[in-house]
Amino acid sequence: EKNGYKYFMLKEIFEQPRTIEDTFRGRIYSDEGRIYIEEVKLKEEYIKNMSNIYIVACGTSYHSGLVSKFLFESFAKIPAEVDIASEFRYRDVILDEKTLVVAISQSGETADTLAALRLAKSKGCQTLAVCNVVGSSISREAMHVIYTHCGPEIGVASTKAFTGQVTALYILALDWACKRKTLTIRELKKYLKELWEIPLKINKFLKNSQSVYDIAKVFANKRGFLYLGRHINYPVALEGALKIKEISYIHAEGYAAGEMKHGPIALIDKSMPIVAIVVKGKIYEKIISNIEEVKARGGTIIAVADQSDKEIGNKSDYVIYIPETDEFVSPLMTVIPLQLLAYYISVILGCDVDQPRNLAKSVTVE
Ligand code: M6R
């Protein structure tokens with residue numbers, strides 16, 4: 001069942017070029033700039049008039065929700081908020097029938113996410129689930145569902161579900177942008193093409209990922225890690241930190257790099273490895289200056305950067321080079337080395353990669 005891989009997690013990491021493609025195939029036509037999501041039957045009128053989106057989820061699914069906030073705002077110009085399902089359900093959230101509530105869940109059985117969805121329904125909202133398991137509770141409870149086509153995810157640490165969710169949310173945001181006329185057809189084609197090229201780029205990286213193992217060997221015995229990202233890669237920093245906590249039992253925190261000087265920079269010393277996501281885009285220069293601040297305090301920087309980046313080698317201690325992508329699609333690429341880094345560290349430390357202590361694959365109780 002593991003197809004020769006030592007652990008399900010590694011198999012699932014390597015499956016991602018295919019599971020991402022399976023999630024967009026038949027739904028996008030990049031040459032024509034057309035998107036067709038058969039299952040989502042939200043009326044065009046509703047999409048044009050919706051006032052805001054609330055995204056609810058837990059864990060890794062919450063992180064893909066955070067990525068999608070940028071997509072709904074930038075592509076479709078819809079105000080979007082993201083909430084942890086267990087928080088959302090106990091707040092007095094202001095909801096009405098013009099609010100769309102999106103629940104994201106791999107298993108479709110997470111108790112808090114299901115409860116958040118029921119609450120939204122009782123307030124008269126439209127509800128949509130992004131789900132991997134067909135016929136699961138969340139997919140049945142929601143008014144609309146878009147399935148990720150990832151196949152069963154066995155490893156407790158979620159990998160291919162994250163990239164499947166981001167893919168599904170990316171095409172939803174583009175579809176709604178199209179209907180709301182907030183992107184030109186040229187932009188739409190460009191973003192579809194960027195997505196289309198992702199599986200190839202991930203494959204290319206995975207074939208050449210030795211550098212991640214070498215870095216894992218150097219840092220496996222550290223007591224803590226910081227993960228820095230900004231903009232659409234800030235949620236990826238959170239996800240990288242979650243992966244390492246979960247399967248290596250090493251403390252890690254994800255931060256928006258601009259927050260460093262508001263406290264966490266005090267943690268920096270020679271023993272602190274900092275993983276920084278520094279892909280080209282709107283905030284490239286900003287994150288570079290954040291890295292310089294950290295370096296000046298003796299921290300060790302492991303940068304995840306574009307292959308074409310000629311500067312980054314001088315500014316960091318280690319670089320994991322990845323194929324260049326547009327920033328809006330980049331989380332699908334940047335998360336891959338972070339998944340692998342957590343995986344290798346876990347293996348080196350002799351942890352139970354697929355079944356980490358104290359954790360269950362789906363959390364069906366509150
Ligand atoms: O099945 P769900 O997507 O609803 O699960 C949500 C979380 O429990 C899940 O993502 C968890 O955080 C993973 N173990 C993370 O790797």
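**View 1. Helix 7 from end to end.** At 1.5 Å a residue, the 21 residues of helix 7 (residues 160–180) should span 30 Å, and its end C-alpha atoms are indeed 30 Å apart, so the two agree. The expected span is 1.5 Å times one less than the number of residues, and helices here are DSSP runs of H or I with at least four residues, numbered from the N terminus. This is a predicted model, where local features need pLDDT of at least 70, side-chain atom pairs count only at pLDDT 80 or more, and totals for chains, interfaces and linings use all residues. Residues are numbered from 1 along each chain as its sequence is written, and side-chain values use heavy atoms, leaving out hydrogens and water. Of the 21 residues in helix 7, 19 are buried (under 20% relative accessible area, 1.4 Å probe, protein chains only). Just after helix 7 comes Lys181, with a positive phi near 55°.

**View 2. Helix 3 beside helix 7.** Helix 3 (residues 59–74) packs against helix 7 at an angle of about 25°, their axes 9 Å apart. That makes the two helices roughly parallel, a label for angles under 35 degrees. Among the residues making the contact (heavy atoms within 4.5 Å) are Val67 and Leu71 of helix 3 and Leu169 and Trp176 of helix 7.

**View 3. Thr19 in helix 1.** Look for Thr19 in helix 1 (residues 8–24). Thr19 counts as buried because its relative accessibility is 0%. Leaving aside residues up to four places away in sequence, Thr19 touches His149, Cys150 and Lys160. Thr167 lies 148 residues from Thr19 in sequence, yet their C-alpha atoms are 9.6 Å apart in space.

How values were computed: Buried < 20%, exposed > 50% of the residue type's maximum accessible area, 1.4 Å probe, protein only. Axes fitted to C-alpha atoms, helices over the stretch in contact; angles between N-to-C directions. Parallel < 35°, antiparallel > 145°, perpendicular 65-115°, else oblique.
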